[in-house]
Amino acid sequence: MTKQHRWIIAGAMATLGFAGLVASGSSVAAADVVTIGFTESETGALNVDSIGQFNGFRLWRDQVNAAGGITAGGKSYQVNLAFYDDQSKPDRVQQLYSRLILQDNADFLFSPYSSGLTATAAIISEQYGKIMITTGASEDKTYQLGNKYLYEMYTPASAYLTGALDALKTVHPKARVALAYADDAFAKAVATAARTYVQSIGMELVFDEAYAPSTTDFGPLINKMISAKADALIGGGHYADGATLARQVYDHKAPLDFISLLVAPDSPKFATLGESAVNVTAPSQWAPQATFKPDFGPDPKTFGDAYRKAYGIEPSYHAAGGYAAGLILQHAIEQAGTIDPDKVAARLDQTDVETFYGHVRFFTDSSRHGLQAGHSMVIVQWQKKGDQLVKEVVWPRAGATAPLAYPLH
Amino acid sequence: MLGVFASMLDGVLVGAVYGLAAIGLTLIWGVMDVINLTHGAMITMGMFGLYLAFTELGLNPYVALLPVAGLGFAAGVVIYWLSVHRVVGRPPLMSLLSTFSVNLMVIGIGTILWSTSPYNIDVSLPGFSLGEYTFTGNHLLAAAAAVLIAIALSLFLARTRSGKAIRAVASNRRAAELMGIPSSQVLARAFGLGIAIAAVAGGLIATLFPFTVLSGSDYQLKSFVVTVLGGLGNPTGALAGGILLGLIEGGVTPFIAVSWIPVIEFALFVLILIAFPNGLFARRTHR
C-alpha cells in the first residue's frame, strides 16, 4: 500500500467517523431526555448504605426507559442519570451538585445518601431552584428551614426508634434502656426523639452516649452498658459502626435482651455476621414482604423480583427508597404534563399516592415543607430458621410476618 | 469497681497491639530519621493480607501472620529503594512528602480493589469472664503476640549481627560504613522490618475489629502518640507506651464519654512533647 493509499483510507475512516458522530448526535437530539443528577458514595464510610440506593435509582431508570420513558404533555422523555462519587464527603457534595446543575444541566436532582450530605446538597439545590427528591436522608431539621424544592421519601428520623420501643414495651414494660448512637446528624436526631420517648412510656434510660462514627472498638462502651445494668440497647448510626457494635456486643456476651440498631441490620450484608445478627432488630422504611397495593408503579413482589434479578441480592429499604424516589418524580412529571420545575413542584405538593414502598404524601406548610407525611415504618428482626437467617417483619403487629423473638439469646 | 478494672484490662490488651503498631513507626524513625507516612497504609495492607489469606487461601489467621510479615518485609524493602533511599539524610519535609505520596498511591489502589466497605475476619477464640465482663480470646492472643514480637525484636537488635548493624547505622552512619557495614542495605532491611511489623500489627488488629481501606490512618495517629510516649527508636518503649495509652483509655472511659478519648490522647501527646521530649521511657533506648 502506498503512502497515498494510506491517506485516502485514513481520510475515508475519518469521514465515516464524523458521519457517525453526526448521526449519533442527531439521534440524541431527536429524543427528549430528562436528566436527573445526584451523587452516590461509591467510596468512603457510607458506601455500603449508598449502594442500595444507587441500585434503586438505576433499576427505576432502566425500567422506565425500557417502557418508553416518562410520558408528559404528549412527549416521551428518556431518563438520563448523571452521577458522581462524593466519597462520603460534604465538600465533594457541594462541588458536585453545582457541577450537576451548571455543567450537566440536570433537570431534577436526587439526594446523596445520608442526612449530613443531603443537608449540604439542599443548600445548592435550593440556591438554583432545582427539585430534589431526597432518599436516605431523614433528619427532620433539613425540611424545617423553609426549603421549597425538597421532598423527603423517608419517614422522618424522629420516628425511627419509637416502633422498636413500642415492640419492646409489649415484652418488657420496665426495660432499662441503653442509648448508644453515632455522633452524626441523622443518629443524633433519632436519639433526641428516642430519649424523650423512652421516658414517656415508662422505661428507664440508664445509659446515653454518642460515639464517633468511625469507632471500631466498642469494648469501652459495652462495658459501660453492662455496668449500667442495661437490658436493652437502641441506637447505632450507619452500616459500618452498627455492624461492628452488634458483633462486639455478641463477642463480649453483654447480657442484653433486646437490640434495635439503625440502618445496619436492614442491609442483607448484616446476615454475614452470623450468630451476632440473631434476633437483632432494626427500624426499616420498607421490607420485601410488604403487601401495599400500589396506585402507581410495580407492586412489592414485582419490584423485589426485578431487583433480585438485576443485582442478585435482596433489596434493602435503601434500594426501595431509591426506586420509589424515581417513581414519585415520574408520577409528578406525568401528572404535571411537563418537566417545568414549578409545575412539577406544584404536583409534588399534591402527591397523595400509594406505591410498592407505601403511602407517600408531603407536608406543604412553610414550617416543614417537603417533610414526609404519609409513609410509616416497620421493625424487622433477623431470626434463625434452621441454619438460615431470615429477616422478618415483627412490628407493627398488623403487618408482622413473625412474632418478636425475645429475649435476644 | 469491677467495671473499671474490666475497662482497664481491656485497654491494656488493646494497648499492647497499639504498641506493636507503633514499633514499626518508631524503628524507622529512630534508625533513619524518616517519619514514615506509609505506616497507616502498611497497617491496612496487613489487614487485607490477612483477610485474603484467611478467606481465599483458607489459612488460619494466626498462621497467616507469617506470610503477611514476609510480604510486608519485601514491600518495605521495595518502598525503601523507590521512595526513601534518596531522601535519607535530607530535610525531613522531603521524606514526609515522599512517603505520603506512596501512602496515597497504596490507599488509592486499595480503594480500587476493595472499595471502602468494611471487612471482617470471622474468627472467635474462647476467652474468660470476670462477672458479667467478657474478655475475648482474640484480644488475649493479640496482646500476647504483640508482647512476644516486641521482645523478639529487642533481642534481635541487641544480640544479632544484623541487629547490631542496624543500631550502628542508626548511631553513626559514617562510622558504621568505615567499619565495613553496607549502610544502605542495612537501612533497607530496617525499613523492611518496620513495615513487616506494621503489617503484622494490622493483621492482629483485623482479628479484633472490622476494617476498611481507610482504617490504617487511625492507627497511624495512635502510633504517633505511642511513639512520643515511648521514645524514638525504642521498641520496648513503644510497647510500654502502647500499653500505657490503652490503660489511660480504659481507665478514663468509665467516667467520661468515649468521644473525649481523642481529646485526652492528643492533649497527652502535646504534654509529653513539652515535658519529656525524648519519651517517658527514653533511658532504655537502644540507640
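Let me begin with one residue, A:Ala271, which is partly exposed, because it has 16 other C-beta atoms within 10 Å, and 20 or more would be needed for a residue to count as buried. I should say straight away that what we have in front of us is a predicted model, so please take each statement as a description of that model.

Where along the chain does A:Ala271 sit? Its place is in the loop between strand 10 and strand 11 of chain A. Leaving aside residues up to four places away in sequence, A:Ala271 touches A:Ala277, A:Trp382 and A:Leu389. The C-alpha atoms of A:Ala271 and A:Lys384 are separated by 10 Å, although these two residues are 113 residues apart along the chain.

From that loop, let me turn to helix 5 of chain A, residues 162-171, whose buried residues are A:Thr162, A:Gly163, A:Ala164, A:Leu165, A:Ala167 and A:Leu168. These buried residues pack against helix 6 (185-200) and against several strands of chain A, among them strand 10 (258-262) and strand 11 (281-284), the two that flank the loop of A:Ala271.

Finally, the contact between the chains, to which chain A gives 28 residues and chain B gives 26 residues. On the side of chain A that touches chain B, two or more residues come from each of helix 2 (47-66), strand 8 (204-211), helix 7 (219-227) and helix 8 (239-251), and the largest share, 7 residues, belongs to helix 7 of chain A. By residue type, that side of chain A divides into 11 nonpolar, 11 polar and 6 charged residues.

Methods
Residues are numbered from 1 along each chain as its sequence is written. Chains are lettered from A and ligands numbered from 1 in the order in which they are written. This is a predicted model: local features need pLDDT of at least 70, side-chain atom pairs count only at pLDDT 80 or more; totals for chains, interfaces and linings use all residues. Two residues are in contact if their C-beta atoms, placed from the backbone, lie within 7 Å. Helices (H or I, at least four residues) and strands (E, at least two) are DSSP runs, numbered from the N terminus. Ala, Val, Leu, Ile, Met, Phe, Trp, Tyr, Cys and Pro count as nonpolar, Asp, Glu, Lys and Arg as charged, and the others, Gly among them, as polar. A residue is buried if 20 or more other C-beta atoms lie within 10 Å of its own, exposed if 12 or fewer, and partly exposed in between; C-beta atoms are placed from the backbone.
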